[in-house]
Amino acid sequence: MAVEIVAPRGTFDVMPDDAGLWQFVEGLVRQTFEKCGYREIRTPVFEHTELFERGVGAATDIVEKEMYTFKDRGGRLITLRPEGTAPAVRAFVEHGLAGRSLPAKLYYIGPMFRYERPQAGRYRQFHQFGMEVVGAASPEADAEVIATPLAIFGAMGIQDVVVNLNSIGCPACKPAYRQRLREAYAPVLGRLCESCRARYDRNPLRLLDCKSDECRAALPEPPTIFGQLCPECGAHFDGLRRLLDKLGVEYVINPRLVRGLDYYTKTTFEYNVGGIGSQDAIGGGGRYDGLVEECGGAPTPAVGVACGLERCVLAARANASDEQYQAGLDVFIVSMGDAARERAFELAHEMRCAGLAADFDMVGRGLKAQMRYAGKMRARFVAILGDEELAAGQATIKDMSTGEQTRISQGELATCIGAGSAVNGE
RNA sequence: GUGGAUGUAGCUCAGGUGGCUAGAGCAUCAGAUUGUGGCUCUGAGGGUCGUGGGUUCAAGUCCCAUCAUCCACCCCA
């Protein structure tokens, strides 16, 4: 009856061989965001359920069926965060960032939770990195938010990212379009799929992104919003397009791109790539001019984007091996005999204090096995301590790539290896 | 939540129509070389055949259930 304990469904371990790639990506994300003037915000992994119900939208799939929600011991209704924008906005309001210089340019990177059926590129605990510009209404903000992740994708070696772009209007023009959609779909309501019939009442925009053949056939060309955007939204969209053109960012205007979160206004966009299965969206976002107010702040325009780390890693793996991201040791200290092993222990400590990646044998392997181990640990140098070296206060140092070796005094080890690493680039 | 496929060693997989102690490659460890890695050779360790039931003289093999993984739907990151 003893059930084998494994990682829960939809979760996974990043093992040491894979961690190098993850660290590389995380470093790249932070570096890129900070270069653009964004600063990190870290919010709790759980929040009051109400934040997501109000922020993300009660009628969304996320809130209706994908949240990890539970009562804590104090009777509070708690939800593991399914996305990062609502928490960031909550923190923005709670800490009065509106009273400081705007826009607030924030980024985050961390785990999110959604109770869904796992699949390639889809997990119950997954990771997102994202950025939010809070307090800027200009199309420049939208353009920066769209372009920055593209730089990250590029640096990761992800190729052929397609940017889908749309505008879904604002409270001034969206209602009229919504009405128009209802009118257009009304005659074919009976031919729509079950979920679309529900969408017709609750959120007619979602009718647009249903992929089922019956729904597509029922109304092959639904009216687009572009003829109906209010002057402000129209100008914003044109401005954004002009800016993207200036940056050389290619995009596809996709009038069916609606996205599943309720808070979006005006701009919505999504990044898609091939080759990673049917979950081909590696990121997406949009403008959410009403969310700050919804979370209790003053009306404040904002735009943001979130990208899936797992899917990025999947896409990057298509073009790169993991090995190139695995760090190696600067030096492995081989010892023969107990006295030498103790000295190796001391020396490893000294090397580490000198800023080198150093390790030594702590299980009493033979010389040959230690050499093999050093090779596997990708050590650039091996320092050998035998009886002779020990007596003379020296070490035999071997360059593992060339096989050359010389005797030097133990005091010179760190500088010798440090110089060697300077020569090798790094 | 729905449908399909799969589940044998750490990894990748062999094991026609049920039949003796369940195999290979890679990986691990050791030896060949008692002071030297990558190549080669030799050997060793490692499996309650996902789990639980059933059919049978006999189940890795057939049946049912369950769990997990993968794929598609859905949705999105």
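Trainee: By class, how many nonpolar, polar and charged residues does the surface near RNA strand B have?

Mentor: This is a predicted model, where local features need pLDDT of at least 70 and side-chain atom pairs count only at pLDDT 80 or more, while totals for chains, interfaces and linings use all residues. Residues are numbered from 1 along each chain as its sequence is written, chains are lettered from A and ligands numbered from 1 in written order, and side-chain values use heavy atoms, without hydrogens or water. Near means that a heavy atom of the residue lies within 4 Å; Asp, Glu, Lys and Arg count as charged, Ala, Val, Leu, Ile, Met, Phe, Trp, Tyr, Cys and Pro as nonpolar, and the others, Gly among them, as polar. The surface has 13 nonpolar, 14 polar and 21 charged residues.

Trainee: Which of the 48 residues around RNA strand B come nearest?

Mentor: On the RNA side, sugar and phosphate make up 53% of the strand B atoms within 4 Å of the protein. On the protein side, the nearest are Ala120, Arg199, Gly260, Ala281 and Met400.

Trainee: How many Å separate a polar side-chain atom of glutamine 279 from a base nitrogen of RNA strand B?

Mentor: A polar contact is a pair of N or O atoms within 3.5 Å. Arginine 122 brings a polar side-chain atom to 2.9 Å from a base nitrogen of strand B. Isoleucine 282 uses a polar backbone atom, 2.9 Å from a sugar or linking oxygen of strand B. For glutamine 279 and its base nitrogen, the distance is 2.8 Å.

Trainee: Which element gives the largest share of the surface near RNA strand B?

Mentor: Elements are DSSP runs numbered from the N terminus: helices are H or I with at least four residues, strands are E with at least two. Those giving two or more residues to this surface include S6 (125-134), S10 (281-287) and H13 (367-376). The largest share, six residues, comes from H13.

Trainee: How many residues of S10 are buried?

Mentor: Strands pair if DSSP finds at least two bridges between them. S10 pairs antiparallel with S9 (residues 265-272) over six bridges, and threonine 268 stands opposite glycine 286. Five antiparallel bridges join S10 to S11, with glycine 283 opposite cysteine 307. Buried means under 20% relative accessible area, exposed over 50%, partly exposed in between (1.4 Å probe, protein chains only), and in S10 the buried count is seven of seven.

Trainee: Within what arc do the buried residues of H6 fall?

Mentor: H6 (residues 174-185) has twelve residues and reaches 16 Å between its first and last C-alpha. Its buried residues are Lys174, Tyr177, Leu181 and Tyr185. An α-helix has 3.6 residues a turn, so residues three or four places apart point the same way. The buried residues of H6 therefore line one face, and the arc (from directions between the helix axis and the C-beta atoms) is 70°.

Trainee: Where does proline 103 lie?

Mentor: Most peptide bonds are trans. The bond from leucine 102 to proline 103 is cis, with omega near 0°. Proline 103 lies in the loop between H4 (85-94) and S5 (104-113).

Trainee: Is arginine 378 buried or partly exposed?

Mentor: Lysine 266 has a phi near 50° in S9, and this residue is buried at 5% relative accessible area. Arginine 378 also has a positive phi, about 55°, but in the loop between H13 and S14 (381-385). With a relative accessible area of 34%, arginine 378 is partly exposed.

Terms used
A polar contact is a pair of N or O atoms within 3.5 Å; within protein, one must be able to donate a hydrogen and the other to accept it, and residues adjacent in sequence count only if both atoms are side-chain atoms. The expected span of a helix is 1.5 Å times one less than its number of residues.
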